[in-house]
Amino acid sequence: LLGAGDAMRQAIDAPILPAERPEYERLVSTTRAALGDAAFAAAWAVGRAMRPGEAVRYALPGTG
């Protein structure tokens, strides 16, 4: 979902707000550490390739 969010923000030119950046960077860092670099990069790429509806269905199973 981090990758999907990144792709969506990029598509609409919506940067992460400065007040939200520290929490976002902490989440990315924690997730990367938990998965390892290779798995994180693979998951990020899968997320970036998702269409918005796919990301929503992934995040909220049973909604679509």
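Author: Angles under 35 degrees count as roughly parallel, over 145 as roughly antiparallel, 65 to 115 as roughly perpendicular, and the rest as oblique. This is a predicted model, where local features need pLDDT of at least 70, side-chain atom pairs count only at pLDDT 80 or more, and totals for chains, interfaces and linings use all residues. Residues are numbered from 1 along each chain as its sequence is written, and side-chain values use heavy atoms, leaving out hydrogens and water.

Reader: Why are α1 and α3 called oblique to each other?

Author: Helix α1 (residues 2-11) and helix α3 (residues 37-49) pack at about 45°, with axes 6 Å apart. That angle falls in none of the named ranges, so the two helices are oblique. Helices here are DSSP runs (H or I, at least four residues), and axes are lines fitted to C-alpha atoms over the stretch in contact, with angles from 0 to 180 degrees between N-to-C directions.

Reader: What makes the contact between α1 and α3?

Author: Contact means heavy atoms within 4.5 Å. On α1 there are Leu 2, Gly 3, Ala 4, Asp 6, Ala 7 and Gln 10, and on α3 Phe 40, Trp 44, Gly 47 and Arg 48.

Reader: Which residues does Tyr 24 touch?

Author: Skipping residues up to four places away in sequence, Tyr 24 touches Leu 2, Arg 9, Ile 16 and Trp 44.

Reader: Okay, why does Gly 62 count as exposed?

Author: Exposed means over 50% relative accessible area, buried under 20%, and partly exposed in between (1.4 Å probe, protein chains only). Gly 62 has 84% relative accessibility, so Gly 62 is exposed. You'll find Gly 62 in the segment after α4 (52-59).
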